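Please load the model in your viewer and keep the sequence panel open beside it. The tour below moves from one selection to the next and says what is to be found at each stop.

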Amino acid sequence: MGVRGCRAFSGMVWGRSLLTAGLRCCRSPVSCHVYRRYSFLPDDVKSLKAVVSPDISKIRNIGIMAHIDAGKTTTTERMLYYSGYTRALGDVDDGDTVTDFMAQERERGITIQSAAVTFDWKTHRINLIDTPGHVDFTLEVERALRVLDGAVAVFDASAGVEAQTLTVWRQAEKHHVPCVCFLNKMDKPAANLSFSIESIKHKLKANPVLLQVPVGSGRNFSGVVDLLTNQKLTWKQTSTRDDGQVFESKPLDRLDDPELLHEVNEARTALIEQVADLDDEFADLLLTDFSDNFDAVSSSKLQEAVRRVTLARKGVPVLCGSSLRNKGVQPLLDAITAYLPAPDERHHDLVRWYKDDLCALAFKVLHDKQRGPLVFLRIYSGTLKPQSAVHNINRNSTERMSRLLVPFADQHVEIPSLTAGNIALTVGLKQTVTGDTIVASKASAAAAARRAHNAGGAGKRPGEHASVVLSGVEVPDPVFFCTIEPPTMAKQADLENALGCLQREDPSLKVRVDPDSGQTILCGMGELHIEIVHDRIRREYGIETQLGPLQVAYRESVLHGASAADTLDRTVGERRHVVSVELAVAPRDLAAPGGSCEVAFTEELGGQLSTEIKAAVENGVNGAYLQGPLLGYPLQGVATLIQRVTMEPGTSPAMVSACVSRCMLKALRLAGGRVLEPVMSLEVTVGEERLGTVLGDLAQRRGTVRDIQSRHDDKVLLATVPLAEMMGYSTILRTITSGNATFSLELDTYEAMNQQDQSNLLKRVAGLL
């Protein structure tokens, strides 16, 4: 392959391998036309031979997030291909994509678990995580966004903002992650730029900053016009096999379509005005140097302003294209490097106490049959090296990391070291789980804690290093559960090992043993989640398990306030333990921040008790919260006030906890119980002729219609429905609409059941017992 006349922008040598991804300018008879080709030198692909840590300012840690079927994985595949790290374009329908490597993902055509890939684009290193779009796997999005610096939100241009788009956008907002929007599927007949922009503005409450205008619409979509440079980028596909590497770039001129010229002029003027409103520095520049003609401002100055707006999260750049048709992905890669932040542009206050010492967060664990647990780490400071001991603050343990790898989906490349800002894959950390903070040594953590304390940033902390532990990943509570049994008792130990490994990989999967029946209970985020776990146990661990009926994970609360007092007097050996407790419980707003239950002390009592006894009291209360008085479901929406705790000298904290738990049970029985059921937000997209049928079915499911919107020729039904009524809904909906409807579900809240429904549930459970 000839490389003369090409500009290679990502070449690094390791041993005898050379892998580059470059911009190639091919000769053209017309000087104002530039034909661009993104390609690579022939060598090993799907591996990184050049993994020397780049400068931190050249690193981009990003995630791809979207509603299911918006085109996340297809967009990722095009990025890998155009950057030069794959030889062929993968396709979700063909089951040959890089990031969807699980058998279940390839069979179903959906992303189930997030996959990390590392590649170079021009002079930048991009660490990318492709995340699921299905609500059952929302934890994968949560833990990815926890460690990423930026995100690309992919939209179906014909649908705009959809149900799961709202969920992942809220997750990005929670972690203050700057975003770039990509309006995908612009080649669809119903694709609508203005509709998508308006949905971003009104549903996401964001400021969309349009950077491109599409050329053509529907099947005639052929490219985009860059509003910053006024360059027209056109992909002239000559056949269905055209891979989109070559595209034409030329300035707009008077010979172009007048309607397009008018649209571009208006859009660029609007862009300049919008950025000036959002960025004071750019507004000053316009008024000082370009007051006569705002349009004369240079593209570089405009790009710098857009970057500042993006990093400040005052606006979100919007680009468009069609990943499946290989159009618009290269400009998206340019936008990622131009507008999303480098790791050193994101400020993590806690990390500064470590200075140049190692500080990293474990955000994902995978199990490899040959290498054991593989732990993904985001490095915030210092350097990570193989064959070195590291300290886990959360577990208070020291482990030796045997190998250090760069992740590339299901393939990995071993490297000698990685510095701050990178995402690493480690081998040998057998005790580490999601959310753990990894540092160089116990002494390093102690030094960081001293610095934080001396600077006045320590505050109240239950332990020595509490102030220097990175915040972990919030794990949602499961909403479904069922029993799981091995084929024979001889396989029970193998099943327990399999469930242990899967729980470590997926913290949203909970396993418990029923104290009465001794059965193993599997708790998950939805029907699909439990189905996938069941299938993985069969395929990966060779155990043909049996699942019991799927049941809803209800919650319990109290009807009214109540007080109780209790005294525990027990002698153990020669030591006497005497403790008296008085407390009150009351209903709490279910929508209150922080969620379910809380415990507080009276002001006077709070100042008298030691930290150790306070912790013992809280353990007793939290233990009682795990099992409600009616059906034994966990409690939610309960506030507990500790009014009195007295004890004899020598009473152990364990006895204090036991007395508090016993007192809590008394108070909860006196307060009366009520059952809370999970209520889901439902969005159904269906043709108008089938809308009545869907509404009739919804009424039978105790559903409440919130709104009916129009989307092109379809209707979008928004409703809330109890989860218990949604069992097997996908099959029913497909039947009553002849397959012409789609839906999405998301947990909305927990609501108290009415008396009749609660009575029926109690009878049903009594019948089962």
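Select Glu142 to begin: with a relative accessibility of 6%, Glu142 counts as buried, where buried stands for under 20% relative accessible area, exposed for over 50%, and partly exposed for what lies in between (1.4 Å probe, protein chains only). This is a predicted model, in which local features need pLDDT of at least 70 and side-chain atom pairs count only at pLDDT 80 or more, while totals for chains, interfaces and linings use all residues. Residues are numbered from 1 along each chain as its sequence is written, and side-chain values use heavy atoms, with hydrogens and water left out.

Add Lys174 to the selection, and a salt bridge appears between the side chains of Glu142 and Lys174, at 2.9 Å from N to O; the term stands for a side-chain nitrogen of Lys or Arg within 4 Å of a carboxyl oxygen of Asp or Glu. Lys174, unlike its buried partner, is partly exposed, at 39% relative accessible area. The two residues are 32 apart in sequence and link distant parts of the chain, Glu142 being in helix α3 (residues 138-147) and Lys174 in helix α4 (residues 163-174). Helices (H or I, at least four residues) and strands (E, at least two) are DSSP runs, numbered from the N terminus.

Now show both helices together. How far apart are the axes of α3 and α4, and at what angle do the helices pack? The axes lie 9 Å apart and the angle is about 25°, the axes being lines fitted to C-alpha atoms, for helices over the stretch in contact, and the angles running from 0 to 180 degrees between N-to-C directions. The pair is therefore roughly parallel, since angles under 35 degrees count as roughly parallel, over 145 as roughly antiparallel, 65 to 115 as roughly perpendicular and the rest as oblique. On the α3 side, Thr138, Val141, Glu142 and Leu145 meet residues of α4 that include Gln164, Thr167, Val168 and Lys174, a contact being heavy atoms within 4.5 Å. Colour α3 by accessibility and the helix proves mostly covered, with 10 of its 10 residues buried, among them Arg143 and Arg146. In α4, by comparison, Glu173 is partly exposed, at 39% relative accessibility; the C-alpha atoms of Glu173 and Leu145 are 9.6 Å apart in space, although 28 residues separate the two in sequence.

The next stop is the interior. Select Leu183 and Phe282, which have the most contacts inside the largest nonpolar core, a set of 85 residues; such a core consists of buried Ala, Val, Leu, Ile, Met, Phe, Trp, Tyr and Cys residues joined through side-chain atoms within 4.5 Å. Helix α6 (residues 258-278) supplies the largest share of this core, with 8 residues. A second, separate core holds 43 residues, including Val533, Ala553, Leu698 and Tyr729. In soluble globular proteins, nonpolar side chains tend to be buried together. Return to Leu183 and, leaving aside neighbours within four places in sequence, look for its contacts, which include Phe155, Ile197, Ile200 and Val318.

Move on to further charged pairs, of which the salt-bridge count comes to 36. Arg576 and Asp569 form one of them, at 2.5 Å from N to O, and Asp569 is partly exposed, with 46% relative accessibility. Another joins Arg644 to Glu582, whose closest N and O atoms are 3.4 Å apart; Arg644 belongs to strand β36 (residues 638-647) and Glu582 to strand β34 (residues 575-587), so that this pair, 62 residues apart, links distant parts of the chain. Both count as partly exposed, Arg644 at 32% and Glu582 at 28% relative accessibility. Then select Glu677, Arg702, Glu725 and Asp757 together, because these four are linked in a network of salt bridges.

Two loop residues come next. Lys122, in the loop between β7 (115-121) and β8 (124-130), has a positive phi of about 55° although it is not a glycine, and Lys122 is partly exposed at 23% relative accessibility. Lys205, in the loop between α5 (193-203) and β11 (208-210), likewise has a positive phi, near 55°, and is exposed, with a relative accessible area of 70%. Most residues other than glycine have a negative phi.

Finally, zoom out to the whole protein, which has 18 helices and 40 strands, and in which buried residues make up 54% of the 769 residues.
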